[in-house]
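Hi there,

Here is the structure I promised to pass on to you. Have a look at it first, and then read my notes below with the structure open beside them.

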Amino acid sequence: MPGFTPSSKLKRNSQSLLEPMPTPALQKVSKSMVIESGLHFLKEAGTDQICRVCIRNGGSCCNGCRHLSNGFGCQLRNTSCTAWLCGFLKFVLYEMELLEGWNEFWEQVPGQDYREDFTPDFFTTHTSLSACDTRLVSEALAADLQELAEGHIAIGFILTLREKIDKNMDQLLVHRHDKEKISKIKRNIRLLSSPFYRFHKACAAYKQQQKQQLQQ
Ligand code: SF4
Ligand code: SF4
């Protein structure tokens, strides 16, 4: 993972996950606290609803993992899997302007690997995660995905879509300093997400609500 650059300019607003830490800037945290805050954040974001549709359509990212116990779920919760986002989840956080904060938070967490971690029990961080209730937005995307899955004969249609979105989300990061490429990638994302009409509506309503709250 790229190195994390702390910034004293980070401020909390309705669209940012990053909260300035009290001085001193470094805070000692435990691995379990970090996992808990990631899980809490995703729960508030409502991503479980998207996962339900994805899993029902054979797309579980835990497929084949030795830590998965049938009927009991994951038996070895780790920082790596908590931090990892698939194309759908990246897309939701991106649209809610939360993705950058999420990435910056997890870049502080050492020892992430594939389906396991070597994260020490305690380490220091500069920023914390602040959960936002975007469940209605995730619920809308879940409904859009369910409808798409039912409407397409091709098996795994939404899973292919997930991978295409994922690829574009990663490209956004790779080419973040290239304006021309960024606008092309954003166009691709808009095109890929054009069938998500419930999602876009819910997203606009959420943003409007946030704006109104800021003005009060
Ligand atoms: S691939 Fe994404 S949507 Fe599917 S189960 Fe994993 S995290 Fe959830
Ligand atoms: S370790 Fe990761 S991939 Fe394996 S079951 Fe747990 S969450 Fe899923």
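**Around ligand 2**

The shell of ligand 2 consists of C62, C65, H67, L68, C74, L76, N78, C81 and R115. Sorted by class, 6 of these residues are nonpolar, 2 are polar and 1 is charged. Please keep in mind as you read that this is a predicted model.

Two members of that shell lead on to other parts of the chain, so to speak: R115 and C81. Let me take R115 to begin with. R115 sits in the loop between α5 and β5. Is R115 buried, exposed or partly exposed? There are 17 C-beta neighbours inside 10 Å, and because a residue needs 20 or more to be buried and 12 or fewer to be exposed, R115 counts as partly exposed. The backbone of R115 is worth a look too: its phi is near 60 degrees, a positive value in a residue that is not glycine. For background, most residues other than glycine have a negative phi.

From C81 you can step across to D113. The two are 32 residues apart along the chain, and their C-alpha atoms are separated by 8.5 Å. D113 belongs to the loop between α5 (99–106) and β5 (122–125). Which residues does D113 touch, leaving aside its neighbours within four places in sequence? The contacts of D113 are with S80 and F118. D113 has 12 C-beta neighbours inside 10 Å, so it counts as exposed.

**Around ligand 1**

Now turn to the other ligand. Ligand 1 is surrounded by I50, C51, C54, I55, G59, S60, C61, C86, F88 and L89. Which helices supply at least two residues each to this shell? They are α2 (47–56) and α4 (87–95). The largest share, 4 residues, comes from α2. By class, the shell of ligand 1 holds 8 nonpolar and 2 polar residues, with no charged ones.

**From α4 to α7**

One of the residues around ligand 1, F88, also takes part in a contact between two helices, α4 and α7. In general, two packed helices are described by the angle between their axes and the distance between the axes. Here the axes of α4 and α7 (residues 157–174) come within 7 Å and cross at roughly 55 degrees. The two helices are therefore oblique to each other. Their crossing is left-handed. On the α4 side the contact is made by G87, F88, K90, F91 and Y94, and on the α7 side by R162, E163, I165, D166 and M169. These contact residues comprise 5 nonpolar, 1 polar and 4 charged.

Following α4 onwards, you reach E97 in the loop between α4 and α5. The phi of E97 is near 60 degrees, again a positive value in a residue other than glycine. E97 has 16 other C-beta atoms within 10 Å, so it is partly exposed.

**The chain as a whole**

Finally, a few overall numbers. The chain has 9 helices and 6 strands. How much of the chain is buried? Of its 216 residues, 29% are buried. Among contacts with a separation of 6 or more, 77% are between residues 24 or more positions apart.

Enjoy exploring, and write back if anything is unclear!

Best wishes

Methods. Residues numbered from 1 in each chain as written. Chains lettered and ligands numbered in written order. Predicted model: local features only at pLDDT ≥ 70, side-chain atom pairs only at ≥ 80, totals over all residues. Near = placed C-beta within 6 Å. Nonpolar A, V, L, I, M, F, W, Y, C, P; charged D, E, K, R; others polar. Axes fitted to C-alpha atoms, helices over the stretch in contact; angles between N-to-C directions. Parallel < 35°, antiparallel > 145°, perpendicular 65-115°, else oblique. Left-handed = near helix turned anticlockwise from the far one by under 90°. Contact = placed C-beta atoms within 7 Å.
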